[in-house]
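Dear colleague,

I am passing on the structure we spoke about, and my notes on it follow below. Please read them with the model open beside you.

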Amino acid sequence: MRAGPAILLLVAAQLQAQDSSEWRWHSTLRAGQTIELKGVHGAIRAERAAGSEVEVVAVRRPGRRNRGNVNEVTLEVVPHTGGVTMCAMYPTPRWAFDPRNEWRGPNECMPGDSGRMNSDIDVQVEWMVRVPAGIGLSARTINGAIEAHALASDVEALTINGSVVISTTGWAEAATLNGNIDATLGNAEWHGALDYRTMNGDITVRLPAHANVDLHAESLSGGRVTADVPLELTTHLRRSRATGRMGRGGRDLYLGVTHGSVSILAGG
């Protein structure tokens, strides 16, 4: 859902220092809404807010290869019914307009899996967000770690090159290609199923002691799969698969690694 002119004016008033290397934004969201951050190059860090406002600071820096100018990257804020999506908008690469390219088209800031975030410059955008209790966090980047510490809400963390560390009183899920995942959950009453995935790295998930969860874990390289509950473990052609149940079961938790190990702990 696109924002109307009045909302965009409000966002413009809340967004500070768009023409400098640092952006600051703050606003109050309704309970149950989500603050979503989308980046390309750079880490995302989150901590619990002391008050009721979401506070975001994003800092642009030259990349290691010093390819591209920090002023080429802008910040776009898109309010919608589910909350607010904020994107570090890089100039659309020329190759994105090639009709043979699967991801063709201009960059676009949209919520969730929608939109496009392509780049051929290496400007870094480092995010810091303070999240009030009851406000969800969705953190997405391509090259960068994601850390969310001592939150009191539900968390989604997606990156490609970087590790993920999460601790929250809510539930959380995460995925990366190259990096470890370490998540501590305080709530095991999620809807549907939770997924944790990495290709090169280990997964450690700590669940509440009272969780009622059906566990499904796999290491394609034959890495260790361990848990604080009895597991039915099978190994075939170096592939390790395990299933188990915490409490009465009923909610599915999937954990998959290609090269690495999986550890599920109770009472975290």
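The largest pocket in this predicted model holds about 510 Å³ of space. Its lining is made up of 19 residues, and those that lie nearest the centre of the pocket are M117, R140, T141, I142 and I160. Sorted by class, the residues lining the largest pocket comprise 7 nonpolar, 8 polar and 4 charged ones.

Turning to the sheets, there is an open one of 10 strands with mixed pairing, in which the strands follow the order β1-β4-β7-β3-β9-β11-β13-β15-β21-β17. Its edges are formed by β1 (22-27) and β17 (225-227), and because each of these has a single partner strand, one side of each is left without a neighbour in the sheet. From one strand to the next, the twist in this sheet averages 10 degrees. At the β1 edge, the partner is strand β4 (residues 54-61), which runs antiparallel to β1 and is joined to it by 6 bridges; within this pair, H26 stands opposite E55 in β4.

There is also an open sheet of 11 strands, again with mixed pairing, and its order is β5-β6-β2-β8-β10-β12-β14-β20-β16-β19-β18. Here β5 (74-80) and β18 (231-236) stand at the edges, and each has a single partner strand, so one side of each has no neighbour in the sheet. For this sheet, too, the twist averages 10 degrees from one strand to the next. The edge strand β5 pairs with strand β6 (residues 83-89) in the antiparallel sense, over 7 bridges, and E76 is placed opposite C87 in β6. As general background, the strands of a sheet pair through backbone hydrogen bonds, in either a parallel or an antiparallel manner.

One residue of the 11-strand sheet may be worth finding on your screen, namely E218, which lies in strand β16 (residues 213-219). The side chain of E218 makes a polar contact with the side chain of R241, at 2.6 Å. If neighbours within four places in sequence are left aside, the residues in contact with E218 are R239, S240, R241, L255, G256, V257 and V262, so that R241 appears both in this list and as the partner in the polar contact.

With best wishes

Key: Residues are numbered from 1 along each chain as its sequence is written. This is a predicted model: local features need pLDDT of at least 70, side-chain atom pairs count only at pLDDT 80 or more; totals for chains, interfaces and linings use all residues. Side-chain values use heavy atoms; hydrogens and water are left out. Helices (H or I, at least four residues) and strands (E, at least two) are DSSP runs, numbered from the N terminus. A polar contact is a pair of N or O atoms within 3.5 Å; within protein, one must be able to donate a hydrogen and the other to accept it, and residues adjacent in sequence count only if both atoms are side-chain atoms. Contact means heavy atoms within 4.5 Å. Two strands pair if DSSP finds at least two bridges between them. Axes are lines fitted to C-alpha atoms, for helices over the stretch in contact, and angles run from 0 to 180 degrees between N-to-C directions. On a 1 Å grid over the protein atoms alone, a cavity is a set of points where a 1.4 Å probe fits but cannot get out, and a pocket is an open set with protein on both sides within 12 Å along at least five of seven lines; lining residues have an atom within 4 Å of a point. Grid points are joined across faces, edges and corners, and a volume is the space filled by probe spheres set on the points. Ala, Val, Leu, Ile, Met, Phe, Trp, Tyr, Cys and Pro count as nonpolar, Asp, Glu, Lys and Arg as charged, and the others, Gly among them, as polar.
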